[in-house]
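Colleague: I have the sequence and the structure open, and I'd like a close look at one part of it. Could you walk me through one helix, its packing and its charged side chains, and then put it in the context of the rest?

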Amino acid sequence: MLADEIDAMPVAQADLTVESDVDRLFAEARDALGTIDVCAAVAGIWPSEDVPVWELALARWEETMRANLTASFLVARAFLREVERNGHGVLVFVGSTAGIFGEAGHADYAAAKSAVTGGLLLSLKNEITRIAPLGRVNAVAPGWTETPMTRGHVAAEQVRAISRTMALRKVAQPEDVAAQVVVLASDTLSSHVTGQLVVVAGGMEGRTLHTD
């Protein structure tokens with residue numbers, strides 16, 4: 001898609017932790033697009049401060065859960081209402097490797113992402129077929145990715161330290177993750193793929209692969 005075509009795309013904004021905002025967002029999108037066939041549930045926050053559970057404030061826990069888990073639920077619910085209206089649709093969640101391996105100092109984030117790409121994903125891949133026989137729900141789990149949210153944590157001198165558990169010793173770019181979302185959203189490339197979690201993390205494992 002050309003840059004001018006992207007610039008011409010309609011844009012709507014909402015606070016995805018607010019129920020009424022999410023409902024308004026989908027209404028505006030429907031008015032602008034006619035139908036909503038694909039939804040990528042991407043929004044979330046990663047609190048940058050390393051805080052162990054015994055020092056973790058309830059306020060941060062609840063904020064992280066709301067921004068990651070509750071927002072994903074609200075977006076999924078609103079989208080599935082569109083699917084019920086249209087009879088078809090594909091939902092792709094964006095989780096995190098933290099939801100697979102855990103993340104010390106960020107148990108709130110890991111727990112929220114695990115819930116999204118575990119129980120929520122696996123429930124919705126069955127539920128969607130009640131309203132769309134060929135509807136699909138999948139997810140991607142990025143590892144370290146260079147985004148505004150991780151700025152200051154993925155500088156060149158830090159990559160060797162954070163990539164010790166990765167076969168490919170580099171940090172992902174947003175395009176690496178977006179490409180997998182497109183694959184899962186495609187009825188041509190993934191027509192028989194649902195309930196799956198694709199890890200986009202350079203071969204990350206829950207163990208150290210490199211000693212330096």
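Modeller: What follows is a walk along one helix and its partners, and then a short tour of the rest. Keep in mind that this is a predicted model.

Let's get our bearings. The protein has seven helices and four strands, and from the N terminus on the order is α-α-β-α-β-α-α-β-α-α-β. Of its 212 residues, 38% count as buried. If you take contacts between residues at least 6 apart in sequence, 74% of them join residues at least 24 apart.

The helix to look at is H3, which covers residues 58-86. Start with its packing against H5, residues 107-127. The axes of H3 and H5 are 8 Å apart, and the angle is about 20 degrees. Angles under 35 degrees count as roughly parallel, so that is how H3 and H5 run relative to each other. Their crossing is right-handed. On the H3 side, the contact is made by Arg60, Trp61, Thr64, Met65, Asn68, Leu69, Ser72, Phe73, Ala76 and Leu80. H5 answers with Ala107, Asp108, Tyr109, Ala111, Ala112, Lys113, Ala115, Val116, Leu120 and Leu124. Sorted by class, this contact between H3 and H5 has 14 nonpolar, three polar and three charged residues.

Now turn to H2, residues 19-33, which also packs on H3. Here the angle is about 35 degrees and the axes are 9 Å apart. This crossing is right-handed as well. H2 brings Glu19, Val22, Asp23, Phe26 and Arg30 to the contact, while H3 brings Leu74, Val75, Arg77, Ala78, Phe79, Arg81, Glu82 and Arg85. By class, the contact of H2 with H3 divides into six nonpolar, no polar and seven charged residues.

Some of those charged residues pair up. Arg30 and Glu82 meet through their side chains in a salt bridge, 2.7 Å from N to O. The pair links distant parts of the chain, with Arg30 in H2 and Glu82 in H3, 52 residues apart. Are the two partners buried or exposed? Buried means under 20% relative accessible area, so Glu82, at 2%, counts as buried. Arg30 comes out at 25%, so Arg30 counts as partly exposed.

Glu82 has another partner too: a salt bridge joins Glu82 to Arg85, with the closest N and O atoms 3.0 Å apart. This pair stays inside H3, where Glu82 and Arg85 are three residues apart, about one turn of the helix.

Still on charges, Asp21, Arg24 and Glu28 are linked in a network of salt bridges. The count for the protein comes to seven salt bridges. One of them is between Asp187 and Arg136, whose closest N and O atoms are 3.0 Å apart. Like the Arg30 and Glu82 pair, this one links distant parts of the chain. Asp187 is in the loop between H7 (174-185) and strand E4 (197-200), and Arg136 is in strand E3 (residues 136-142), 51 residues away. Exposed means over 50% relative accessible area, so Asp187, with 52%, is exposed. Arg136, with just 2%, is buried.

Before leaving H3, have a look at Leu16. Leu16 is in the loop between H1 (3-7) and H2. Which residues does Leu16 contact, leaving aside its neighbours within four places in sequence? They are Val22, Leu25, Ala43, Ala71, Leu74 and Val75. Two of these names, Leu74 and Val75, you've already met on the H3 side of the contact with H2, and Val22 came up on the H2 side. Leu16 and Asn68 are 52 residues apart in sequence, but their C-alpha atoms are 9.3 Å apart in space. Asn68 is one of the H3 residues in the contact with H5.

One last stop is H7, where you'll find Val182. With 55% relative accessibility, Val182 counts as exposed. The C-alpha atoms of Val182 and Val38 are separated by 9.7 Å, with their places 144 residues apart along the chain.

To pull the H3 picture together: H5 packs with axes 8 Å from those of H3 through 14 nonpolar, three polar and three charged residues. H2 packs on H3 through six nonpolar and seven charged residues, and Glu82 of H3 forms salt bridges with Arg30 and with Arg85.

Note on methods:
Residues are numbered from 1 along each chain as its sequence is written. This is a predicted model: local features need pLDDT of at least 70, side-chain atom pairs count only at pLDDT 80 or more; totals for chains, interfaces and linings use all residues. Side-chain values use heavy atoms; hydrogens and water are left out. Axes are lines fitted to C-alpha atoms, for helices over the stretch in contact, and angles run from 0 to 180 degrees between N-to-C directions. Helices (H or I, at least four residues) and strands (E, at least two) are DSSP runs, numbered from the N terminus. Angles under 35 degrees count as roughly parallel, over 145 as roughly antiparallel, 65 to 115 as roughly perpendicular and the rest as oblique. A crossing is left-handed if the near helix is turned anticlockwise from the far one by less than a right angle, and right-handed if clockwise. Contact means heavy atoms within 4.5 Å. Ala, Val, Leu, Ile, Met, Phe, Trp, Tyr, Cys and Pro count as nonpolar, Asp, Glu, Lys and Arg as charged, and the others, Gly among them, as polar. A salt bridge is a side-chain nitrogen of Lys or Arg within 4 Å of a carboxyl oxygen of Asp or Glu. Buried means under 20% relative accessible area, exposed over 50%, partly exposed in between (1.4 Å probe, protein chains only).
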